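Student: Could you take me through one part of this protein in close detail? I'd like to see how a single piece sits among its surroundings.

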Amino acid sequence: MTAHVAERGEGRGRVVLRLTGSYGASEHAIRAAIQVAKAFHSEIESLFVSDRQIFDAAGYLFVREIKTSAIGTSITGLGQGEVGGRKGQADADAGWLDVPAVSRQIELMHRALQRRVMELADREDVPVLGRRVNDTPLGALARACQMAGPWNVVALGEPFNANSLARLDDLFERVTGMTGVVVVGPNAAAVSGPVVAVIEDAERVPGMLRAAERLAGAAAGAGVILAVAGESRSSQVWLKHEVGQAVNSEVAGVVELGRPGGGTAVIAEALRTLRPSFVLAEHGGKLVPHSGDFKAVVTALACPLLVVR
């Protein structure tokens, strides 16, 4: 399977942009979601998730403070300190999560983020449906994608890190009604380079090429590069030849991506030198394997990454 999103009005999918009240939202991630929706003539569901685990935690005395980079201060407004033991009851009471205050802060964040999504999407003539749910971040995505059957692409609003990339296996396993997920790293910047599709299997060329061309078309002036990555020198040369035979003249180029058999760090560095504006890669491949060290990917990519099934 490769990336595909149902067109608006089909009722079979859309771009689901997940925003949360516990983590910061990246404007680059929002823009990437809009680009995908524009590329596939789709729409966006801006899904704001109030993480119910925060409120479940309110019943425990050990809950002192929950940080959120989006707010920049303690979400509870409480200071540091210990609870229980020789402390008095007043200190113990102060340890409880201030649920009404948290709810107000989350609602303000929800309104601000939804306004920004709608403002940016309106500039590109992309329809947006805003919705708020009380759920776990993963559960909310699973249910949202089940609602409008199978042609969804998920976009994560918070910047990814090495740990979140390592957890993509859980997302692909739990969220069955999606064809791919868009993530943006902490070093994201506005880049005007080509859309680069990482090719590891000749049979996936048509689907990856179509998706890359759509994304390039949604960004005026962007070209397409198919970057092949083989297990050995001979397999990489063969793969490059097969890809070259399959593409049309509109493709900016077919290149070899790093040394044959190179791991995640090698692939990530080779991608960095291409200065892409968007990268497509398959889940479980060399750039986004099922397990490994993703620090090099976090450091290297300044553009959105679309990981496809």
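Tutor: Let's start where a helix ends: in this predicted model, Arg275 comes just after helix 10 and has a positive phi of about 50 degrees. Helix 10 itself covers residues 264-274, and its buried residues are Thr264, Val266, Ile267, Ala268, Ala270 and Leu271. Those buried residues have three packing partners: strand 6 (195-199), strand 9 (278-282) and helix 11 (295-300).

Now step back to the nonpolar interior. The largest nonpolar core contains 51 residues, and Val36, Ile199, Leu226, Leu280 and Leu306 have the most contacts inside it. Both domain 1 (15-183) and domain 2 (195-308) contribute at least three residues to this core. A second core, separate from that one, has 42 residues, including Val16, Val183, Ala229 and Phe294.

Val36 is a good residue to follow from here. Setting aside neighbours within four places in sequence, Val36 touches Val5, Val15, Val153, Val182, Leu215 and Phe278. Its contact with Leu215 takes us to a pair of helices. Helix 1 (residues 27-39) and helix 8 (residues 205-218) have axes that come within 8 Å and cross at roughly 110 degrees, so helix 1 is roughly perpendicular to helix 8. Where they meet, helix 1 supplies Gln35, Val36, Lys38 and Ala39, while helix 8 supplies Arg214, Leu215 and Ala218. Sorted by class, this contact has four nonpolar residues, one polar residue and two charged residues.

Note on methods: Residues are numbered from 1 along each chain as its sequence is written. This is a predicted model: local features need pLDDT of at least 70, side-chain atom pairs count only at pLDDT 80 or more; totals for chains, interfaces and linings use all residues. Side-chain values use heavy atoms; hydrogens and water are left out. Buried means under 20% relative accessible area, exposed over 50%, partly exposed in between (1.4 Å probe, protein chains only). Helices (H or I, at least four residues) and strands (E, at least two) are DSSP runs, numbered from the N terminus. Contact means heavy atoms within 4.5 Å. A nonpolar core is a set of buried Ala, Val, Leu, Ile, Met, Phe, Trp, Tyr and Cys residues joined through side-chain atoms within 4.5 Å. Domain bounds come from an automatic or database domain assignment. Axes are lines fitted to C-alpha atoms, for helices over the stretch in contact, and angles run from 0 to 180 degrees between N-to-C directions. Angles under 35 degrees count as roughly parallel, over 145 as roughly antiparallel, 65 to 115 as roughly perpendicular and the rest as oblique. Ala, Val, Leu, Ile, Met, Phe, Trp, Tyr, Cys and Pro count as nonpolar, Asp, Glu, Lys and Arg as charged, and the others, Gly among them, as polar.
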